[in-house]
Amino acid sequence: MRTKAQRMLAWPGNHPTAAKVVGGALAILFGAFLAFVSDRINAPDEVPANEPGPTAAVKRIGNYCSAGWVVSRPPREINPQLDDGWNDWAKSVGAVPTGPDSYELTVQGSSSAQVIITELRAKVLSRAPALDGTWVKVGCGGETGYRYSEIRLDEDPPTVVPADGENGTPLQTPYEVSLEDAEIFAIHASVNLYDVLWELEVDWASDGKTGTLVVNDNGKPFRTTGTVNVGATCTWTEQADQIIDSASDGC
């Protein structure tokens, strides 16, 4: 066992080379600490994880009345069975919505604090040629009152254009929302040339903080296709009991 004197001699401070190594390491650590503190002081005002901005809920509205779907089948192989409605039938056959693809977007704050919606835009994740197949439409109509906006997905980057709706007003940011005061927007995605995967981005500001809320289809991108490449257009009655010949072509 080493004596106390031997242990003292073993301490790096009693060896010039070791002392330099330890001193250099301490200097590096102290410099890193000062840089960290400086970055925190000068960092932009970020939103803490426990202080989110607005929340959003989205759902497709009246798609089959305003647009329809492209089905990758010839007309003779399409026989809609409406046990659970048009939208569920479309999902069951893998049909892709066409433009104008309409969504209801509800945005509200997460507290009583006012949140200003400064901009709403679309972000395209991918573009491919518009699908071929059969364009299935439904002969019905009717709109709901919303703040309207058209997203033009053929353009790169896509543009968001205020649009007049039959029972709505054009979307014109900014808007103020809170937990008690929500805004409902109607988003119409128009496209003719492409098959597009896309999502919405909502910019907001509140109490000196800013952020961007990403809105999609339950964790998946929205998908909308143009109809420029379809081989037939078949418009069915709302009950799917017959095709409306005057509004169809190639069926």
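This report walks through a sheet, some aromatic contacts and a disulfide in the structure above. Please keep in mind that the model is predicted.

**The sheet**

Let us start with an open sheet of 4 strands, which run in the order E3-E2-E6-E15 with mixed pairing. Strands E3 (96-97) and E15 (232-237) stand at the edges; each has a single partner strand, so one side of each is left without a neighbour in the sheet. Strand E2, made of residues 69-71, pairs with E3 in the antiparallel sense over 2 bridges. If you would like to find this pairing on screen, look for Val 70, whose bridge partner in E3 is Val 96.

**Aromatic contacts**

Strand E2 also leads us to the aromatic side chains, because Trp 69 lies in this strand. The count of aromatic pairs comes to 6, and two of them are shown here.

| Pair | Geometry | Centre to centre | Angle between planes |
|---|---|---|---|
| Trp 69 and Trp 89 | edge-to-face | 6.4 Å | 80° |
| Tyr 103 and Phe 222 | tilted | 4.5 Å | 50° |

The partner of Trp 69 in the table, Trp 89, belongs to helix H4 (residues 86-92), so this pair ties together parts that are 20 residues apart in sequence. Both Trp 69 and Trp 89 are buried. Together with Trp 86, these two residues form one aromatic cluster.

The other pair in the table spans 119 residues in sequence, because Tyr 103 lies in strand E4 (residues 101-108) and Phe 222 in strand E14 (residues 222-225). Are these two rings buried or exposed? Tyr 103 is buried, with a relative accessible area of 3%, and Phe 222 is buried as well, with a relative accessible area of 1%.

Rings can also meet charges in this model. The charged end of Arg 127 sits over the ring of Tyr 194, 5.7 Å from its centre. Likewise, the ring of Trp 135 has the charged end of Lys 137 over it, 4.5 Å from the ring centre.

**The disulfide**

Our last stop returns to edge strand E15. How many disulfides does a search of the whole structure find? The search finds 1, and it joins Cys 234 to Cys 251, with an S to S distance of 1.9 Å. The link between Cys 234 and Cys 251 is left-handed, with -110° about the S-S bond. Cys 234 lies in strand E15 and Cys 251 in the segment after E15, so the pair ties together parts that are 17 residues apart in sequence. The two ends differ in their surroundings: Cys 234 is buried at a relative accessible area of 2%, whereas Cys 251 counts as partly exposed at 46% relative accessibility.

Methods. Residues are numbered from 1 along each chain as its sequence is written. This is a predicted model: local features need pLDDT of at least 70, side-chain atom pairs count only at pLDDT 80 or more; totals for chains, interfaces and linings use all residues. Side-chain values use heavy atoms; hydrogens and water are left out. Two strands pair if DSSP finds at least two bridges between them. Rings of Phe, Tyr and Trp (its six-membered ring) pair if their centres lie within 6.5 Å; planes under 30 degrees apart count as stacked, over 60 as edge-to-face and the rest as tilted. Buried means under 20% relative accessible area, exposed over 50%, partly exposed in between (1.4 Å probe, protein chains only). A charge sits over a ring if NZ of Lys or CZ of Arg is within 6 Å of the ring centre and within 35 degrees of the ring normal. A disulfide is a pair of cysteine sulfur atoms within 2.5 Å.
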